[in-house]
Amino acid sequence: MLCRVGQIRRCAASLSQTINQVAASRQKHTLPDLTYDYGALEPHISAEIMQLHHSKHHATYVNNLNVTEEKYHEALAKGDVTAQVALQPALRFNGGGHINHTIFWTNLSPNGGGEPQGELMEAIKRDFGSYQKMKEKISAATVAVQGSGWGWLGYDKESGRLRIAACANQDPLQGTTGLIPLLGIDVWEHAYYLQYKNVRPDYVKAIWNVINWENVSERLQTAKK
């Protein structure tokens, strides 16, 4: 009997060690580097905003996501469903924050602005009538977000069409609507308040001057595969 107990203890210790090794080997999320300087989007988005937004706010989402995932894996290993459920809001918030901002930085460029070209422009004309109409609709949806959130241009893979959507807080577009994100506009106050105060429409109007349409086009191509 004592021999059997010893075997059980050794198995439990071995399992615990394996779980710890797996957890330790998991690749942690990291803050992505920007391909441009913090001041590169001026005068439309100030260097101060970009620095705080990227190095502080996005970094916080990344750090909190890593901590939450660690707790979630521990709960999985223990079979603690209650803890897993309790961690879902933090995973959604911080995971969404990381996903959304990672897209956002690439959607912007100091060489951006103007109008999209090629297949993207054709899709915009087909689904909205014109670029100007699309711009007006996504701007209106984005400005109308209550509290904090995002305005999105997404791709509906089922219908093969472009759609406009708004998401609250840091809810990720694809995870909550099924639409594949192409272009996101962050309207959390930390994205604009230092420069535009509470005049969100001015910020949304200005951001079109730095939209990286090449990136949006690449995302559409990838989404269609």
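**Exercise 1. Find Pro43 and say what is unusual about the peptide bond before it.**

Step 1: place the residue. Pro43 sits in the loop between α1 (2-25) and α2 (47-78). Helices here are DSSP runs of H or I with at least four residues, strands are runs of E with at least two, and both are numbered from the N terminus.

Step 2: check the bond. Glu42 and Pro43 are joined by a cis peptide bond, with omega at about 5°. For background, most peptide bonds are trans, and most residues other than glycine have a negative phi.

Before going on, keep in mind that this is a predicted model: local features need pLDDT of at least 70, side-chain atom pairs count only at pLDDT 80 or more, and totals for chains, interfaces and linings use all residues. Residues are numbered from 1 along each chain as its sequence is written, and side-chain values use heavy atoms, with hydrogens and water left out.

**Exercise 2. Sketch the overall layout of the protein.**

Step 1: count the elements. You should get nine helices and three strands.

Step 2: put them in order. Starting at the N terminus, the run is α-α-α-α-α-β-β-α-β-α-α-α.

Step 3: look at burial. Of the 225 residues, 42% are buried (under 20% relative accessible area; exposed is over 50% and partly exposed is in between, with a 1.4 Å probe and protein chains only).

Step 4: look at the contacts (heavy atoms within 4.5 Å). Among those between residues at least 6 apart in sequence, 70% join residues at least 24 apart.

**Exercise 3. Work out the strand order of the sheet, then see what packs on it.**

Step 1: start from β1 (residues 149-156). Seven of its eight residues are buried.

Step 2: find its partners. Two strands pair if DSSP finds at least two bridges between them. β1 runs antiparallel to β2 (residues 161-168), with eight bridges between them, and Gly154 stands opposite Arg163 in β2. β1 also runs antiparallel to β3 (residues 180-186), this time with six bridges; here Trp150 faces Asp186 in β3.

Step 3: assemble the sheet. The order is β2-β1-β3 in an open, antiparallel sheet of three strands. β2 and β3 are the edge strands, each pairing on one side only. Ignoring direction, neighbouring strands are turned by 25° against each other on average.

Step 4: add the helices. α3 lies across β1 and β3 and runs at about 80° to β3. α4 packs on the sheet too, touching β1 and β2, and its direction makes about 80° with that of β2. These angles run from 0 to 180 degrees between N-to-C directions, with axes fitted to C-alpha atoms, for helices over the stretch in contact.

Step 5: inspect the hairpin. Four residues lie between β1 and β2, and Gly160 in the turn has a positive phi of about 75°.

**Exercise 4. Describe how α4 meets α5.**

Step 1: take the geometry. The axes of α4 and α5 (residues 131-143) come within 8 Å and cross at roughly 70°.

Step 2: name the arrangement. The two helices are therefore roughly perpendicular (65 to 115 degrees; under 35 is roughly parallel, over 145 roughly antiparallel and the rest oblique).

Step 3: list the residues. Met121, Ile124 and Phe128 of α4 meet Tyr131, Lys133, Met134 and Lys137 of α5.

Step 4: sort them. The contact of α4 with α5 has five nonpolar residues, no polar ones and two charged ones. Here Ala, Val, Leu, Ile, Met, Phe, Trp, Tyr, Cys and Pro count as nonpolar, Asp, Glu, Lys and Arg as charged, and the others, Gly among them, as polar.

**Exercise 5. Trace the surroundings of Glu115.**

Step 1: locate it. Glu115 is in the loop between α3 (81-107) and α4 (118-128).

Step 2: classify it. Its relative accessibility is 45%, so Glu115 counts as partly exposed.

Step 3: list its neighbours. Leaving out residues up to four places away in sequence, Glu115 touches Met121, Tyr131 and Trp213. Glu115 and Trp213 are 98 residues apart in sequence, yet their C-alpha atoms are 7.3 Å apart.

**Exercise 6. Locate Asn169 and Lys197 and check phi for each.**

Step 1: take Asn169, in the loop between β2 and α6 (173-177). Its phi is positive, near 55°, and Asn169 is partly exposed at 39% relative accessible area.

Step 2: take Lys197, in the loop between α7 (193-196) and α8 (200-207). Lys197 is not a glycine, but its phi is positive at about 55°. With a relative accessible area of 43%, Lys197 is partly exposed.
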